[in-house]
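Visitor: I would like a close look at a single part of this protein, followed from one element to the next.

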Amino acid sequence: MTPEQFSELARVLPEPSIFLNSTGEILAINKPASSLFELPSKELKGKKLSEFLTDNKKNVMKYLQACSKSRKMVIGSLTIRTSAGDIVVCRSEGAVIQPKQLKSPAQLILRLEKKSKANNNFILLNQKIQELNTQVKLKLTLQELQETQIQLVQKEKLSALGKVAAGIAHEINNPVNFIHGNLKPAQEYAQHLLELIQLYQQYYPDPPQEIKEEIEEIDLEFIIEDITKLLQSISIGTERIRELVKSMRTFSRLDETEIKYIDIHEALDSSLIILNHRLNTTPNSPNIEVIKNYGQLPKIQCYCGQINQVFMNILSNAIDALNEYQEKNIREIQTNSPQIKIQTEVFNLDWISIRIIDNGPGIKEEIKPKLFDPFFTTKEVGKGTGLGLSISHDIITEKHGGKIFCDSTLGYGTEFVIQIPMKLAIRYSRSKK
Ligand SMILES: Nc1ncnc2c1ncn2[C@@H]1O[C@H](COP(=O)(O)OP(=O)(O)OP(=O)(O)O)[C@@H](O)[C@H]1O
Ligand SMILES: [Mg+2]
């Protein structure tokens with residue numbers, strides 16, 4: 001580069017720049033630099049830089065030597081004495097433009113920046129970093145607030161549901177127990193009456209006409225045959241209602257925050273009973289078959305209501321998926337009837353796993369990473385809030401120190417795996433924070 005070329009270039013450089021050689025001779029200088037020296041450029045050209053500096057000459061030379069050997073900017077500090085005698089401390093950056101040749105010394109460029117300005121920039125940079133820090137903190141706080149809000153909404157929804165369930169369960173419980181309690185004596189009385197009729201028939205095989213007619217009218221033979229069956233089916237019915245009430249009670253223990261030993265199978269069954277009406281809805285398509293493959297599990301310590309919540313969320317997702325699939329692919333379903341398999345087992349000595357597997361539509365690759373995100377849903381507006389899995393994830397990982405993940409193949413089905421450590425000691429809880 002020639003001094004003329006530098007001058008051309010330096011005209012567009014906003015920062016003070018000097019073109020010089022490694023002996024320190026100024027070859028060209030741009031306007032911002034000459035104003036730092038408070039001298040016109042022609043009075044600087046051809047002079048040694050160190051003439052205008054208060055720094056030790058040797059040090060200046062050393063610095064210029066270093067710059068003349070480096071393609072990367074070498075940072076240094078130069079102190080200018082202006083023509084008016086003022087001292088200006090500058091931060092400098094220098095690098096070689098043309099290396100040393102046989103007869104000519106290396107040529108380099110120096111960029112100067114007033115220290116106070118450099119300091120200002122540093123302060124500005126610091127301020128920016130602090131602002132960014134606050135922004136990051138605010139973002140984190142916002143995230144935490146959103147998470148808490150989601151949990152509160154879900155808790156509120158579920159505790160309202162829990163209260164309704166508990167209320168209904170309580171109201172049904174009394175009359176059902178009354179019926180159930182009276183059924184046994186009713187069965188006994190009926191049995192006695194039947195025996196008595198038999199005795200009568202034995203001793204009076206030929207009753208008067210009026211009795212004969214009455215026997216025919218009421219179809220005594222059928223009554224004798226049917227009454228036992230009828231009382232038995234009432235008994236089965238009340239037994240089922242009692243089961244349902246019990247499940248509603250188990251399920252409605254939502255706001256129990258304490259940890260309890262629970263039977264995971266009982267919890268799964270109670271969720272299934274509550275969802276029973278959804279397993280048998282769609283009129284044109286087969287019911288959903290539930291295949292239980294329960295292993296031997298000890299009772300484990302859990303937040304009971306919350307674990308129920310997880311089972312409900314995952315089972316209802318499976319039911320939603322199967323029902324939606326059935327509506328669209330009735331023919332296919334006829335050859336591949338809808339199923340939910342539930343498998344439980346102990347593994348690694350002190351962990352349990354619960355697998356809930358459906359043979360529904362499966363999940364597309366691109367949405368798999370979003371499944372556990374709050375508010376992620378593929379369901380129509382009003383059908384899904386997209387909170388089920390995110391809440392379940394929180395309950396399993398944060399509250400029970402466990403794991404939950406999903407394995408799904410499009411067109412074949414979906415499996416959700418929940419793994420929970422049996423012992424409380426290896427759990428950690430965010431709620432303790
Ligand atoms: N068994 C499954 N088969 C297919 N897709 C599933 C299954 N389980 C979950 N998904 C997908 O994951 C999405 C998120 O589920 P999540 O339970 O979090 O929300 P949601 O069911 O849409 O709404 P919400 O549970 O809040 O009412 C669902 O919208 C669905 O697309
Ligand atoms: Mg859901």
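How many bridges join E11 to strand E12, and in which sense do the two strands run?

Guide: This is a predicted model, and the part you ask about is a pair of strands joined by seven bridges, in which E11 and strand E12 (residues 413-421) run antiparallel. One of the pairings can be named residue by residue, since Thr409 has Gly413 in E12 as its bridge partner. The pair belongs to an open sheet of five strands, whose order is E7-E9-E10-E12-E11 and whose pairing is mixed. Within that order, strand E11 (403-409) is an edge strand, as is strand E7 (289-293), and each of these pairs on one side only. From one strand to the next, the twist of this sheet averages 15°.

Two helices can be placed against these strands. Helix H8 (residues 264-274) packs on the sheet and touches E7, strand E9 (339-347) and strand E10 (351-358), with its direction making about 165° with that of E9. H12, for its part, lies across E11 and E12, the pair you asked about, and runs at about 135° to E11.

H12 also leads from the strands to the ligand, for helix H12 (388-399) and helix H10 (304-328) each supply at least two residues of the shell around ligand 1. The greatest contribution to that shell comes from H10, which gives four residues. In total 21 residues surround ligand 1, and the closest of them are Asn317, Thr377, Gly384, Gly388 and Leu389. By residue class, the shell consists of eleven polar, eight nonpolar and two charged residues.

For a comparison, one may turn to another open sheet of five strands, which has the order E2-E1-E5-E4-E3 and antiparallel pairing. Its edges are taken by E2 and strand E3 (74-81), each of which has a single partner strand, so that one side of each is left without a neighbour in the sheet. Here the twist from one strand to the next averages 30°.

Going through the pairs of this sheet, strand E1 (residues 17-21) and strand E2 (residues 26-29) run antiparallel and are joined by three bridges, with Phe19 standing opposite Ala28 in E2. The hairpin that E1 and E2 form has four residues between the strands, and in this hairpin Gly24 takes a positive phi near 100°. At the other edge, E3 and E4 run antiparallel and are joined by eight bridges, and one residue pair there is Ile80 with its bridge partner Val88 in E4. The hairpin of E3 and E4 has five residues between the strands, and Gly85 in this hairpin takes a positive phi near 90°. Strand E4 (residues 87-98) also pairs with strand E5 (residues 107-114), in the antiparallel sense and over eight bridges, where Ser92 has Leu112 in E5 as its bridge partner. Helix H4 (residues 57-68) packs on this sheet, touching E3, E4 and E5, and its direction makes about 35° with that of E4.

As for the chain as a whole, the protein has twelve helices and twelve strands, and 24% of its 433 residues are buried. Of the contacts between residues at least 6 apart in sequence, 64% join residues at least 24 apart.

Methods
Residues numbered from 1 in each chain as written. Chains lettered and ligands numbered in written order. Predicted model: local features only at pLDDT ≥ 70, side-chain atom pairs only at ≥ 80, totals over all residues. Pairing = 2+ DSSP bridges. Near = placed C-beta within 6 Å. Nonpolar A, V, L, I, M, F, W, Y, C, P; charged D, E, K, R; others polar. Axes fitted to C-alpha atoms, helices over the stretch in contact; angles between N-to-C directions. Contact = placed C-beta atoms within 7 Å. Buried ≥ 20, exposed ≤ 12 C-beta atoms within 10 Å, placed from the backbone.
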